[in-house]
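The following exercises are to be worked with the sequence and the model at hand. Each task is followed by a solution in steps.

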Amino acid sequence: MPLQVLINLFIAFLWMFLQDEWSFLAFFSGYLVGIVVLFILRRFYKQEFYLSKLGSILKLFLVFIRELITSSIFVVGHVIRPKVSLTPGIITVETDLEGDLEVTIFSLLLNLTPGSVVIEVSSDSKVFYIHALDLPKAGDSVRKASKIFEKAIKDVTRK
């Protein structure tokens with residue numbers, strides 16, 4: 001994937017050089033020409049076409065933003081209530097993610113969503129211990145969000 005990006009940037013700069021016009025529009029048109037060239041030659045690369053991987057990264061980012069907004073609304077609802085009625089607790093979430101990168105991304109995404117904090121990861125990286133702000137409500141939403149995050153992370157890190 002990094003090689004494809006470098007080749008695409010090289011084609012864009014070459015396009016600007018051959019057009020003898022050093023502007024953003026010339027670079028952008030050269031970048032689009034590079035995308036077309038790389039798409040046509042994609043079968044000669046061992047890796048998949050890099051724009052499909054960027055689409056998966058964008059999807060993961062959008063999933064995270066959606067979960068962040070919904071959990072933030074949940075936390076704000078608890079903060080503005082005059083009487084606080086929280087039942088915090090610890091839940092376990094099992095996962096089939098493999099490798100340090102996938103486990104780290106997963107734990108960071110869960111930590112960044114309000115109302116849940118990853119306390120510990122088992123030694124085999126298959127079980128996450130998560131502190132939830134309101135166990136009955138947040139427990140189900142954390143499990144649901146973890147499945148969504150898992151699928152999006154697998155799309156990014158695996159073929």
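A nonpolar core is a set of buried Ala, Val, Leu, Ile, Met, Phe, Trp, Tyr and Cys residues joined through side-chain atoms within 4.5 Å. Buried, in turn, means under 20% relative accessible area. The model under study is predicted.

**Exercise 1. The nonpolar core**

Task: Identify which residues touch the most other members of the largest nonpolar core, and state which elements each supply at least two residues of this core.

Solution.
Step 1. The largest nonpolar core comprises 19 residues, and Phe106, Ile130 and Phe149 are those that touch the most other members.
Step 2. At least two residues of this core come from each of α3, β1 (89-94), α4, β3 and α5.
Step 3. The element that gives the most is α5, with 6 residues.
Step 4. Setting aside residues up to four places away in sequence, Phe106 touches Leu97, Phe128, Ser146, Phe149, Glu150 and Ile153. Phe149 is thus both a contact of Phe106 and, with Phe106, one of the residues that touch the most other core members.
Step 5. As a general background, nonpolar side chains in soluble globular proteins tend to be buried together.

**Exercise 2. The two sides of helix α4**

Task: Determine which residues of α4 are buried, and what covers them.

Solution.
Step 1. Helix α4 spans residues 99-112; its 14 residues reach 20 Å from first to last C-alpha, close to the 20 Å expected at 1.5 Å a residue.
Step 2. The buried residues in α4 are Glu102, Val103, Phe106, Ser107, Leu109 and Leu110. Because they cover an arc of only 160° around the axis, they lie on the same side of α4.
Step 3. On the face turned away from this buried side, α4 carries the exposed residues Asp100, Leu101 and Leu112.
Step 4. The cover over the buried residues of α4 includes α3 (50-80), β2 (116-121), β3 (127-132) and α5 (135-157).

**Exercise 3. Helix α3 and Glu67**

Task: Place Glu67 in its element and decide whether Glu67 is buried or exposed.

Solution.
Step 1. Glu67 belongs to helix α3. This helix has 31 residues and reaches 45 Å between its first and last C-alpha, close to the 45 Å expected at 1.5 Å a residue.
Step 2. A relative accessible area of 10% makes Glu67 buried, since the cut-off for that class is under 20%.
Step 3. Other residues are buried in α3 as well, among them Tyr50, Leu60, Phe64, Ser71 and His78. What covers the buried residues of α3 includes α1, α2, α4 and α5.
Step 4. Residues up to four places away in sequence not being counted, Glu67 touches Thr113, Ala145, Ile148 and Phe149.

**Exercise 4. The largest pocket**

Task: Establish which residues are the closest to the centre of the largest pocket, and which element gives the largest share of its lining.

Solution.
Step 1. The largest pocket holds about 230 Å³ of space.
Step 2. Its lining has 15 residues, of which Glu67, Ser71, Pro114, Ser141 and Val142 are the closest to the centre.
Step 3. Two or more lining residues are given by α3 and α5. The largest share, 6 residues, comes from α5.
Step 4. Glu67 therefore combines a buried state, at 10% relative accessible area, with a place among the lining residues closest to the pocket centre.

**Exercise 5. Tyr31, Glu98 and positive phi values**

Task: Classify Tyr31 and Glu98 by accessibility, and state where Asp20 and Ser125 are placed.

Solution.
Step 1. Tyr31 lies in helix α2 (residues 24-40) and, at 21% relative accessibility, counts as partly exposed. Apart from neighbours within four places in sequence, Tyr31 is in contact with Asn8, Leu9, Ala12 and Tyr50.
Step 2. Glu98 sits in the loop between β1 and α4 and is exposed, with a relative accessible area of 52%. Residues up to four places away being left out, Glu98 touches Lys126 and Arg158.
Step 3. Most residues other than glycine have a negative phi. Asp20, however, has a positive phi near 55°, and Ser125 has a positive phi near 60°.
Step 4. Asp20 is in the loop between α1 (2-19) and α2, where at 64% relative accessibility Asp20 counts as exposed. Ser125 is in the loop between β2 and β3.

Technical notes: Residues numbered from 1 in each chain as written. Predicted model: local features only at pLDDT ≥ 70, side-chain atom pairs only at ≥ 80, totals over all residues. Heavy atoms only, no water. Helix = DSSP H or I, 4+ residues; strand = E, 2+ residues; numbered from the N terminus. Expected span 1.5 Å × (residues − 1). Buried < 20%, exposed > 50% of the residue type's maximum accessible area, 1.4 Å probe, protein only. Arc of directions from axis to C-beta. Contact = heavy atoms within 4.5 Å. 1 Å grid on protein atoms, 1.4 Å probe; cavity = no way out; pocket = protein on both sides within 12 Å on 5 of 7 lines; lining within 4 Å. Points joined across faces, edges and corners; volume = space filled by probe spheres on them.
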